[in-house]
Amino acid sequence: MDNSKVPQHNISTYANNKKAIYATDENGKYGIIASSGWDVEEAATKQALQELERLSSQAYAQALSGQASPLYFHMYDRRMDLQTLAQATGMFQWRIKRHFRPTAFDKLSAKMLARYAETLGISVEELRELPKRRANGA
Amino acid sequence: MVPEQSFQHAHSAHCESGVMSLMMHHYGLPLSEAMVFGLSGALMFAYLPFVKLGGMPLIAYRSRPRAIIKGLQKNLGIKMKMQTFAQPEQGTKALDSLLAQGKIVGAQTSVFWLPYFPEEMRFHFNAHNLIIYNKEGDEYLISDPVFETPVRCGTQALQKARFVKGVMAPKGLLYYPVHVPETINYAVVLPKAIRKNAKVMLKTPVPIAGIRGIRYLAKAIGKLEQKDRRYAKLFLGHIVRMQEEIGTGGAGFRFIYASFLQEAGKLLDNPLLVESSKMMTLVGDQWREFALMLAKAIRSKKSQTIDFWALKTKLESVADAEAAVYRKLLEGNLV
């Protein structure tokens, strides 16, 4: 790729950071050019973020209506899925799935709650609640 | 192996090759990032539909994490000390004591738990690499090669990032060189590394890696027509992310490899390598054209049909062009 063709689209996902791209100068010599991003990449990143957002909003609604436990929401809110959470906690997927049920979640020991909270990087209090700000879909 | 006076940060395309390049510079062996990448034989392609990451199949444009560190050790005779830890506190203590000895230390971390990453770039990827070069109070001074300037990170946050569990769990991995050769016999190591990499890409026995892996992915794209539209779009977006979003230097490491071939050609005064570098640049350009087509598909409205056949055909022609570079490298005289 030619230096002049390195995209500088100032993409929002970079948050003003720049990435190093390899490109050639007018003599064909390679070097590193700092790029403010390519809109192609931005489209893909945003798509992935939107999918995560869709999953967490869905989980939020389910937790709010009592169909699912807050854990179900917090998992997606931390950009995880069942597989990631199982691997990160070292627990079986079926066991975690059980804890997605409010009745099972409410009976969890303090130790179990702490384990989830630690993995998700939130406090036990936060884990037990749904954040208020999401109520209007924000 | 004499360390330079002070550590110098530099902006790199990829974390692992960037870390190794900076480390080698620090210990008196100036290897560019492209050289590190090429000499470790890290160029790859793999499509593993049965390994899922975040619900998406694994698509990789380079060899597995830690392959650059290991490849460089093997091919250049560098010796690295690599240490993992059972307890997070142990890992932090070990890091602090290495820093107190004046060492610069490489570490493997998760991306998600590093607070200096932009919010929209924080995903659960556990094989990120960075250098810790000092500590001030409760903060580490970090050279993260994919960032333009050095960054800082608190003790607790780094500990969390180093000790996440799951796929490619870092287990607190720390590494630093214990032996760095003073000179490298490029006339020997370059042709060997290049030929080996070309062979792996062309003649892999499994249909999921190398050029065959690219064709396998093309085939999978052709089959997306029968899948749910949302999944199909996410799948296409996932390819773009693996190719462009994660630090690849553009076109899924093809430009960085072209840069390596150019540097190698100059060092050995070999026109074939210079010519191959130009060919690889064109291959990279084609990968970018493919990404552009994918982006159009993922942005398309419901009423528009996605031409999966065109995407498949494009990727197949990329595979052809890339295979031609490796064939040229294997047939010609590299010394």
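User: What do the buried residues of α3(B) pack against?

Analyst: In this predicted model, the buried residues of α3(B) pack against α1 (15-26), α2 (33-39), β3 (79-83), β5 (128-136), β8 (174-179) and α6, which belong to chain B.

User: And which residues of that helix are buried?

Analyst: Helix α3 of chain B covers residues 67-76, and its buried residues include I68(B), I69(B), G71(B), L72(B) and L76(B). As for what comes after the helix, α3(B) is followed by G77(B), which has a positive phi near 75 degrees.

User: α6 came up as a packing partner there. Where does I194(B) sit, and is I194(B) buried or exposed?

Analyst: I194(B) lies in helix α6 of chain B, which spans residues 186-203, and with a relative accessible area of 1% it is buried. Buried here means under 20% relative accessible area.

User: What is I194(B) in contact with, ignoring its sequence neighbours?

Analyst: Once the neighbours within four places in sequence are set aside, I194(B) is in contact with Y257(B), F260(B), L261(B), A264(B), L273(B), L329(B) and L334(B).

User: How far is I194(B) from P177(B)?

Analyst: The two are 17 residues apart in sequence, and their C-alpha atoms are 24 Å apart in space.

User: How is chain B split into domains?

Analyst: The assignment gives chain B a domain 1 that runs over 79-179 and a domain 2 that runs over 186-331, and the centres of these two domains, taken over C-alpha atoms, are separated by 31 Å.

User: Same thing for chain A, what are the domains there?

Analyst: Chain A is divided into domain 1, residues 3-37, and domain 2, residues 49-136. Taken over C-alpha atoms, the centres of domain 1 and domain 2 of chain A are separated by 39 Å.

User: Staying in chain A, how many residues of helix α2 are buried?

Analyst: Helix α2 of chain A, residues 70-77, is mostly covered, with 7 of its 8 residues buried. The buried ones are P70(A), L71(A), Y72(A), F73(A), H74(A), M75(A) and Y76(A).

User: What do they pack against, and what follows the helix?

Analyst: The buried residues of α2(A) pack against α1, α3 (82-89), α4 (93-99), α5 (102-106), α6 and α7 (124-128) of chain A. After the helix comes R79(A), whose phi is positive, near 60 degrees.

User: Let's pick a residue from α6 of chain A, then. Where is T119(A), and why does T119(A) count as buried?

Analyst: T119(A) is placed in helix α6 of chain A, residues 110-120, and T119(A) counts as buried because its relative accessibility is 9%, which falls under the 20% limit.

User: What does the side chain of T119(A) reach?

Analyst: The side chain of T119(A) reaches the backbone oxygen of R115(A) at 2.9 Å. Leaving aside neighbours within four places in sequence, T119(A) is in contact with M80(A), L85(A), A88(A) and T89(A) of chain A, and with W113(B) and K160(B) of chain B.

User: Switching to empty space: how big is the second largest pocket, and which residues are closest to its centre?

Analyst: The second largest pocket holds about 360 Å³ of space. It is lined by 14 residues, of which Q47(A), Q50(A), R230(B), K233(B) and I298(B) are the closest to its centre. Two or more lining residues come from each of α1 (39-64) of chain A and α8 (229-245) and α10 (271-299) of chain B, with α1(A) giving the most, 6 residues.

User: What classes do those lining residues fall into?

Analyst: The lining of the second largest pocket divides into 3 nonpolar, 3 polar and 8 charged residues.

User: And how many cavities are there?

Analyst: Searching the whole structure finds 1 cavity of 30 Å³ or more, and the largest cavity has a volume of about 60 Å³. Its lining is made up of P7(A), Y14(A), I21(A), S35(A), G37(A), W38(A) and E41(A) from chain A, together with E244(B) and R288(B) from chain B. By class, that lining has 4 nonpolar, 2 polar and 3 charged residues.

User: Last topic, backbone angles. What is the phi of M168(B), and where is M168(B)?

Analyst: M168(B) is not a glycine, yet it has a positive phi of about 55 degrees. M168(B) is in the loop between α5 (155-162) and β8 of chain B, and at 28% relative accessibility it counts as partly exposed. K171(B), found in the loop between α5 and β8 of chain B, also has a positive phi, of about 50 degrees, although K171(B) is not a glycine.

How values were computed:
Residues are numbered from 1 along each chain as its sequence is written. Chains are lettered from A and ligands numbered from 1 in the order in which they are written. This is a predicted model: local features need pLDDT of at least 70, side-chain atom pairs count only at pLDDT 80 or more; totals for chains, interfaces and linings use all residues. Side-chain values use heavy atoms; hydrogens and water are left out. Domain bounds come from an automatic or database domain assignment. Helices (H or I, at least four residues) and strands (E, at least two) are DSSP runs, numbered from the N terminus. Buried means under 20% relative accessible area, exposed over 50%, partly exposed in between (1.4 Å probe, protein chains only). A polar contact is a pair of N or O atoms within 3.5 Å; within protein, one must be able to donate a hydrogen and the other to accept it, and residues adjacent in sequence count only if both atoms are side-chain atoms. Contact means heavy atoms within 4.5 Å. On a 1 Å grid over the protein atoms alone, a cavity is a set of points where a 1.4 Å probe fits but cannot get out, and a pocket is an open set with protein on both sides within 12 Å along at least five of seven lines; lining residues have an atom within 4 Å of a point. Grid points are joined across faces, edges and corners, and a volume is the space filled by probe spheres set on the points. Ala, Val, Leu, Ile, Met, Phe, Trp, Tyr, Cys and Pro count as nonpolar, Asp, Glu, Lys and Arg as charged, and the others, Gly among them, as polar.
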